[in-house]
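Biologist: I have a chain to look at and some short queries. Can you take me through the model?

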Amino acid sequence: MGIEGRTWKRNRTLWSLGISAKIMRTTEMAAVEEKLHELERQKEEMLRFGSPASLLQRLQDAMNMTDEESENLHKQLFVQIYKKLRTT
């Protein structure tokens with residue numbers, strides 16, 4: 001094989017390696033961008049969940065639920081007392 005043939009083969013090999021490297025970089029970059037997008041979405045979700053407005057809303061919801069439970073227990077107690085007074 002002459003010098004021209006070896007040069008052509010070497011250039012073809014280098015070109016193939018360059019294409020392979022570009023494909024690997026592109027694939028890795030796509031995976032990294034996808035992971036970054038997911039992490040940014042999680043960050044935004046966490047910021048919304050921990051915002052003062054969100055915390056106040058959850059506190060208000062918990063207070064409303066506690067009020068409902070308290071009222072239900074009060075009604076049950078009243079019914080029990082009423083039944084007990086009627087039977088004695």
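The exchange below goes from overall form to side-chain contacts.

Modeller: This is a predicted model, in which local features need pLDDT of at least 70 and side-chain atom pairs count only at pLDDT 80 or more, while totals for chains, interfaces and linings use all residues. Residues are numbered from 1 along each chain as its sequence is written, and side-chain values use heavy atoms, with hydrogens and water left out.

Biologist: How many helices and strands does the protein have?

Modeller: Helices (H or I, at least four residues) and strands (E, at least two) are DSSP runs, numbered from the N terminus. Helix H1 covers residues 3-49. Helix H2 covers residues 52-87. The total is 2 helices and 0 strands.

Biologist: What radius of gyration does the protein have?

Modeller: The C-alpha atoms fill a box of roughly 120 × 30 × 5 Å along the principal axes. The radius of gyration is taken over C-alpha atoms, and the globule rule is 2.2 Å times the number of residues to the power 0.38. A compact globule of 88 residues would come out near 12 Å, but this protein has 35 Å.

Biologist: What share of the 88 residues is buried?

Modeller: Buried means under 20% relative accessible area, exposed over 50%, and partly exposed in between (1.4 Å probe, protein chains only). The accessible surface of the protein is about 8,700 Å², with 63% belonging to carbon and sulfur atoms; such areas come from the Shrake-Rupley method with a 1.4 Å probe, and for residues only the protein chains shown count as cover. Of the 88 residues, the buried share is 1%.

Biologist: Which residues does UniProt list for "coiled-coil region"?

Modeller: UniProt positions are in the numbering used here, feature names are shortened, and annotations may be inferred rather than shown by experiment. In the model, the end C-alpha atoms of the span lie 63 Å apart, and the span is 96% helix and 0% strand. The unreviewed UniProt entry gives residues 29-76.

Biologist: And which residues does "domain: VPS37 C-terminal" cover?

Modeller: That annotation also comes from UniProt, in an unreviewed entry. The span is 96% helix and 0% strand, with its end C-alpha atoms 71 Å apart. The annotation covers residues 26-78.

Biologist: How many salt bridges does the structure hold?

Modeller: A salt bridge is a side-chain nitrogen of Lys or Arg within 4 Å of a carboxyl oxygen of Asp or Glu. Arg41 meets Glu38 at 2.7 Å, N to O, and Glu45 meets Arg41 at 3.1 Å. Glu71 pairs with Lys75, their closest N and O atoms 3.6 Å apart. The count is 3.

Biologist: How far apart along helix H2 are Glu71 and Lys75?

Modeller: Glu71 is partly exposed, at 47% relative accessible area. Lys75 is partly exposed too, at 46%. Both residues lie in helix H2, about one turn of the helix from each other: 4 residues apart.

Biologist: Which residues do salt bridges with shared partners join into one network?

Modeller: Arg41 and Glu38 are 3 residues apart in helix H1, so about one helical turn separates them. Glu45 and Arg41 are 4 residues apart in helix H1, again about one helical turn. Arg41 is partly exposed at 40%, as are Glu38 at 28% and Glu45 at 42%. The network joins Glu38, Arg41 and Glu45.

Biologist: Why does the pair of Phe78 and Tyr82 count as stacked?

Modeller: Rings of Phe, Tyr and Trp (its six-membered ring) pair if their centres lie within 6.5 Å; planes under 30 degrees apart count as stacked, over 60 as edge-to-face and the rest as tilted. The count is 1 aromatic pair. Phe78 and Tyr82 have ring centres 6.4 Å apart and planes at 15 degrees, so the pair is stacked.

Biologist: Phe78 and Tyr82: about how many helical turns separate them?

Modeller: Phe78 is exposed, at 55% relative accessible area. Tyr82 is partly exposed, at 45%. They are 4 residues apart in helix H2, so the separation is about one helical turn.

Biologist: Which residue lies over the face of Phe49?

Modeller: A charge sits over a ring if NZ of Lys or CZ of Arg is within 6 Å of the ring centre and within 35 degrees of the ring normal. Here the distance from the ring centre is 3.8 Å, and the residue is Arg58.
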